[in-house]
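Open the model in your viewer and keep the selection panel at hand. This tour tells you what to select at each stop and what you will find there.

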Amino acid sequence: MSNIFKIALRNLLRYKRRTLLTATLVTLGVVFVLVFTAVSGSFKQMMISQITDSMMGHLQIHRKGYVAAIDTLPLNLGIKQQGYEKIEALLKQEQGIAAYSPRIKFGGMFSNFMETTNIRLNGVFPEKEFATVPLLPERVNSGRKSLQRGEIMVPELLARGMNVKVGDTVVIVATNQSGSVNGKQFLVSAILESASGPGGRDGYLHFDDAVELLRMEQLEISEVAVRLKQFGKLHKLENKLRGQLEAQKNPKGKPVFELHSWEALSPFAKIAKMLDLMTLFIKIMLVSIVLISIMNVMMMAVFERVREIGTIAAIGTPPSTIRSLFLVEGLCLGLFGAVAGTVIGSLIILIINLSNITFSFGQQTGLILKTSLVPGDILMVSIIVVVVSVLATLQPAIKASKMRPIDALRHV
Amino acid sequence: MALVIAEQVSKTYHTGETEVEALKGISFSIETGSFVSFVGPSGSGKTTLLNLIGCLDAPSGGCLKVVGTDVATLDRTQGAAFRGSEMGFIFQDFNLLPVLSVFENVEYPLLMIQKTPEAERRKRVMALLEAVGMADQALKRPDQISGGQKQRVAVARALVTNPKLVLADEPTANLDHATAFMVISLMKQLRDQFGTTFVFSTHDPRIVGEAEVLHTLEDGVLKNSELMKGGTAQ
């Protein structure tokens, strides 16, 4: 086999310029795919983590029917104490869960004593919430990265519009499930930077304050946000938890709870899918580039070497060996392109990372683009290039091996 | 013992609607160790006949046995294996592989076809390069040597597998007279040394006299078979 490689390599080097051009084309294709995959992949991961780690969590559990009416923040579709205890027991026994946080979500009126506006609020246990969405404290623009009873974290845009600062006293007025209105004074403890996605412009107050404000006689939790230890196991754990939650039935035999991943709740999931689709198209383009350029160069090689093929066939070279000689040429071109493309692509990615390129996502600005190449991506792209290179050479190689030596020797 | 037996061998080519009878039922035999030449003008059927003997083409009619094998029964792969083990070829245009050195060109059939071990390969290649006077040029590429030297390398390549039969189609056509004579003398010398049967075609009258058995072809018909110097013609 090494002799076939030796002859194939020498044949490639025989037409240096052509080989270099083809190899460069394949290399550029690999570089483009790797850099695009790394940048888009990193962008996607960063966006996902911004959404899941700063407000949504990876999974959310609601009472059945809540998500369908989520825009109205219904107070009559909460999870009762007994239901929450079942969920808590289930989450505690699951090894893959890192943290969970019960929330009371409601709408209210926000007043600075001079003006009033609407606000969406989350009543949370700060320790549990910060463990479930660890980027939430990072969103604090000014004030304390903590929350105590009687305090409120106000979203930035609302604070700016209402001219509210840290340390100010504000009033929240809310209507509870039975229609009674109640108001309560809060101290602004922090101004929160807005985040893109559902819940990104909500305010936060203590869970017990929410219970008091809404005059809840019995606990009614709007949702339980869940954070996983490993994001990669999202779908596996989602399916497992869904099965367990759907086993909880009401007296009519219908499921009591519903479980959604961040993908089902955030519109960004569609953008993430589009990025995946674009990556797929880029890979298809790479396949086309490799296929066409290598097939073209190998067809030329066969055409130019007809008499040589005739000679080696005449002196007894088996058709399979002739086929291998050409296939190995294509393989070498593909291997070179894959290796050179990976090296150059890695260097470009390193340069991107060292350049500290920043970008904006929704209201968030100054996010640093940190790209990384996953070994699996490199392997996948390399395999695609090498396999396609060999496939592109297959037709010319078969043609060469099927040439009748007598016809090939007559070729001028 | 006859190495090649041809009985009423014919070959017809179809060019569009035209039929060309290149060989019209010729019969002859070639004895082992003989030095045979087919002569005749262009279009007489010399190359066609050598192609048939070399299993590069199949006869349209008659029976052609080479080293005891009916060449018409061989498929593509069997034909290649048969050629690789029993025959050597010398071409008019030398047909050395340009990416290989002189040594590697001679080594090629042993390496790529017969899979001979390295030590044995080196021994046989160097012995033949010595025999054809090209040992000192072993590392050169074909584009670095002259036409006569190329043909000597081609002769060495044809003999390296110890074939029973070497076929040479117009081996001296692209060489000057002195070089042509030298190549034919070399072939004869190697026949004496290794006992290989040489069959070559030519229309060069200066070379014809070197053959021991001379078959004359004309319009696809074997006109004459002539014993020259101590040969055995049938």
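## Stop 1: a covered helix in chain B

The buried residues of α2(B) are covered by elements that include α10 (306-314) and α11 of chain A, along with β6 (87-90), α3 and β7 (165-169) of chain B. Keep in mind that this is a predicted model.

Now select α2(B) itself. Which of its residues are buried? Colour G79(B), A80(B), R83(B), G84(B) and E86(B): these are the buried ones.

## Stop 2: where the chains touch

Show both chains. The contact draws 18 residues from chain B and 18 residues from chain A. Which elements of chain B give two or more residues to the side that touches chain A? Select α2 (76-86) and α3 (102-113) of chain B; they are the ones. The largest share of that side, 6 residues, belongs to α2(B). Colour the side of chain B that touches chain A by class: 11 residues are nonpolar, 4 polar and 3 charged.

## Stop 3: the six-stranded sheet of chain B

Go next to β6(B), one of the elements covering α2(B). Here 6 strands make an open sheet, ordered β6-β7-β8-β3-β9-β10 (chain B). The pairing is mixed. Which strands lie at the edges? They are β6 and β10 (221-227) of chain B, and each pairs on one side only. Look along the sheet: from one strand to the next, the twist averages 15°.

Zoom in on β6(B) and β7(B). They run parallel and are joined by 4 bridges. For one example, pick I90(B): its bridge partner in β7(B) is A168(B).

## Stop 4: the four-stranded sheet of chain B

Stay in chain B and select β2, β1, β4 and β5. These 4 strands form an open sheet in the order β2-β1-β4-β5 (chain B), with antiparallel pairing. At its edges stand β2 (18-31) and β5 (69-70) of chain B. Each has a single partner strand, so one side of each lacks a neighbour in the sheet.

Add helix α1 (residues 46-53) of chain B. This helix packs on the sheet and touches β1 (2-15), β2 and β4 of chain B. The direction of the helix makes about 120° with that of β1(B).

Now walk through the strand pairs:

- **β1(B) with β2(B).** They pair in the antiparallel sense over 10 bridges. Pick T12(B); E21(B) is its bridge partner in β2(B). The two strands form a hairpin with 2 residues between them. In the turn, G16(B) has a positive phi of about 65°.
- **β1(B) with β4(B).** This antiparallel pairing runs over 5 bridges. I5(B) stands opposite K65(B) in β4(B).
- **β4(B) with β5(B).** Strand β4 (residues 61-66) of chain B pairs with β5(B) in the antiparallel sense over 2 bridges. Select V66(B) and find T69(B), its bridge partner in β5(B).

## Stop 5: a two-faced strand in chain A

Move to chain A and show side chains on strand β7 (residues 169-175). Which of them point to the buried face? V170(A), I172(A) and A174(A) do, and they are buried. T169(A), V171(A), V173(A) and T175(A) point to the other face and are not buried. In a regular strand, side chains alternate between the two faces of the sheet.

Next, look at the partners of this strand. Strand β3 (residues 97-111) of chain A pairs with β7(A) in the antiparallel sense over 3 bridges. There, M109(A) stands opposite V173(A). With strand β8 (residues 181-192) of chain A, β7(A) pairs in the antiparallel sense over 7 bridges. T175(A) has V181(A) as its bridge partner in β8(A). The hairpin of β7(A) and β8(A) has 5 residues between the strands, and G179(A) in the hairpin takes a positive phi near 100°.

## Stop 6: two crossing helices in chain A

Finish with helix α1 (residues 2-14) and helix α11 (residues 319-355) of chain A. Their axes come within 8 Å and cross at roughly 65°. The two helices are therefore roughly perpendicular to each other. The crossing of α1(A) past α11(A) is right-handed.

Which residues meet here? From α1(A), select I4(A), F5(A), I7(A), A8(A), L9(A), N11(A) and L12(A). From α11(A), add S324(A), L325(A), V328(A), E329(A), C332(A) and L333(A). By class, this contact has 10 nonpolar, 2 polar and 1 charged residues. You have met α11(A) before: it is among the elements covering the buried residues of α2(B).

How values were computed:
Residues are numbered from 1 along each chain as its sequence is written. Chains are lettered from A and ligands numbered from 1 in the order in which they are written. This is a predicted model: local features need pLDDT of at least 70, side-chain atom pairs count only at pLDDT 80 or more; totals for chains, interfaces and linings use all residues. Axes are lines fitted to C-alpha atoms, for helices over the stretch in contact, and angles run from 0 to 180 degrees between N-to-C directions. Angles under 35 degrees count as roughly parallel, over 145 as roughly antiparallel, 65 to 115 as roughly perpendicular and the rest as oblique. A crossing is left-handed if the near helix is turned anticlockwise from the far one by less than a right angle, and right-handed if clockwise. Two residues are in contact if their C-beta atoms, placed from the backbone, lie within 7 Å. Ala, Val, Leu, Ile, Met, Phe, Trp, Tyr, Cys and Pro count as nonpolar, Asp, Glu, Lys and Arg as charged, and the others, Gly among them, as polar. Two strands pair if DSSP finds at least two bridges between them. A residue is buried if 20 or more other C-beta atoms lie within 10 Å of its own, exposed if 12 or fewer, and partly exposed in between; C-beta atoms are placed from the backbone.
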